[in-house]
Amino acid sequence: MLKRTLISACTAAFIGLSGAALAGGHGEKPEANPWTNFALQNTLNKMPAGNAANGKELSDQWMCAACHGETGKSPSRNYASINGMPKEYTIKMMLDYRDGRRWENYKQANIMVKLAQSMNDQEIADLAAFYAEQPLTNWTDSTDVDPKIDRLVRKGDVNRMITPCASCHGVHGEGHGVVPSLAGQVPEYFVRTMKAYQDGQRHNDVNQGMSQFTHDLTDEEIQGLADYYAAMPAVKE
Ligand code: HEC
Ligand code: HEC
């Protein structure tokens, strides 16, 4: 009975939220200061420890699966996959949505902003612990590797001051700490978010620690990188 009440309450909340997202009205945007490494580390250190089993329950209650899939592997090309994300990254994203740091392409971020604003730190930590436990999965089965893209990932490009993606995101795209995993990421989301970094709509990264590498990438390279990571095998170190 309690469960049913919870579910219908959540369904109502969900429909309400989707309605708001569709209407596309701009809510109040909280004004958080940009992160410094120090402030971010301090905030992460103060987060409560997450409980993955509670996180699973919360993900059911909040219907995260409707968009991100049961385990965080998105069933749709519209949404990001969040399975196997390091917990610190998921925590940071939820805080960034909650506090107005991540607000790019408002219609896309709207639902996440609303969800995050109704969560406390414990719930965020629990959800992050749950998704961090889910194995990474490849999105496509392609085995073609474009050598130019492979080079960009492993060696970067000195002329354009592009640091190898793998040096931060890991050789298997597994991510670490606040650096997200990229293996198996939905390519449409990957492209969208890279372009949002490129044109400055997404600026929640600390000291432009990510966006600086996107400025000189061509559209073709961004697509190539998206395809490269989408095919990455499900290796989690
Ligand atoms: C109605 C669809 C929808 C629901 C429900 C939803 N999300 Fe999202 N989520 C999105 C979209 C769309 C994005 C990408 C937004 C953007 O581009 O800024 C996103 C992004 C995210 C991200 C950032 C992903 C990344 O790789 O940076 C996290 C983390 C996340 N969602 C967690 C959750 C959690 C946890 C729940 C449940 C509490 C949830 N989402 C429910 C649609 C949804
Ligand atoms: C110096 C370390 C570093 C390098 C090099 C780097 N990244 Fe990142 N990347 C990050 C960090 C940190 C984030 C998370 C930023 C934030 O908080 O929004 C990130 C985020 C991303 C995201 C967003 C993922 C998501 O789920 O929303 C993508 C896509 C990405 N990087 C791709 C790349 C690619 C492709 C390259 C190589 C061309 C690259 N990165 C090079 C550190 C790096």
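His169 is buried, because its relative accessible area is 9%, and buried means under 20%, exposed over 50% and partly exposed in between, with a 1.4 Å probe and protein chains only. This is a predicted model, in which local features need pLDDT of at least 70, side-chain atom pairs count only at pLDDT 80 or more, and totals for chains, interfaces and linings use all residues. Residues are numbered from 1 along each chain as its sequence is written, chains are lettered from A and ligands numbered from 1 in the order in which they are written, and side-chain values use heavy atoms, with hydrogens and water left out.

**The iron of ligand 2**

His169 (NE2) and Met210 (SD) are the protein donors of the iron atom of ligand 2. They lie 2.0 to 2.1 Å from it. Donors are N, O and S atoms within 2.8 Å of the metal (3.2 Å for Na, K and Ca); water is not among the atoms, so sites may look incomplete. The pair links distant parts of the chain: His169 sits in helix α9 (residues 165-169), Met210 in the loop between α10 and α11, 41 residues apart. Around this iron atom, 6 donor atoms subtend angles of 89 to 179 degrees, so the arrangement is octahedral. Six donors count as octahedral if opposite donors are over 155 degrees apart and all others between 65 and 115. Ideal angles for six octahedral donors are 90 or 180 degrees.

**The shell of ligand 2**

Ligand 2 is surrounded by 26 residues. A residue counts if one of its heavy atoms lies within 4 Å. The closest are Cys165, Cys168, His169, Tyr189 and Met210. At least two shell residues come from each of α5 (87-99), α9 and α10. The largest share, 5 residues, comes from α10.

Three side chains make polar contacts with the ligand, each a pair of N or O atoms within 3.5 Å.

| Side chain | Atom of ligand 2 | Distance |
|---|---|---|
| His169 | nitrogen | 2.8 Å |
| Arg202 | oxygen | 2.9 Å |
| Asn204 | oxygen | 3.3 Å |

**The iron of ligand 1**

The iron atom of ligand 1 has His68 (NE2) and Met112 (SD) as protein donors, 2.0 to 2.2 Å away. His68 lies in helix α4 and Met112 in helix α6 (residues 106-117), so the pair ties together parts 44 residues apart in sequence. The 6 donor atoms here subtend angles of 87 to 178 degrees, which makes this arrangement octahedral. Both His68 and Met112 are buried.

**Backbone exceptions**

Most residues other than glycine have a negative phi. Met63 has a positive phi, near 60 degrees. Met63 is in the loop between α3 (52-61) and α4 (65-68). It counts as partly exposed because its relative accessibility is 25%. Gln208 also has a positive phi, of about 55 degrees, although it is not a glycine. Its loop runs between α10 (187-198) and α11 (219-230). At 48% relative accessibility, Gln208 counts as partly exposed.

**The chain as a whole**

The chain has 11 helices and 0 strands. Helices (H or I, at least four residues) and strands (E, at least two) are DSSP runs, numbered from the N terminus. Of the 237 residues, 46% count as buried. Among contacts (heavy atoms within 4.5 Å) between residues at least 6 apart in sequence, 75% join residues at least 24 apart. The accessible surface of the chain comes to about 12500 Å², and carbon and sulfur atoms hold 55% of it. Accessible areas come from the Shrake-Rupley method with a 1.4 Å probe; for residues, only the protein chains shown count as cover.

Definitions and conventions:
Four donors count as tetrahedral if all angles lie between 85 and 135 degrees; four count as square planar and six as octahedral if opposite donors are over 155 degrees apart and all others between 65 and 115; anything else is irregular. A polar contact is a pair of N or O atoms within 3.5 Å; within protein, one must be able to donate a hydrogen and the other to accept it, and residues adjacent in sequence count only if both atoms are side-chain atoms.
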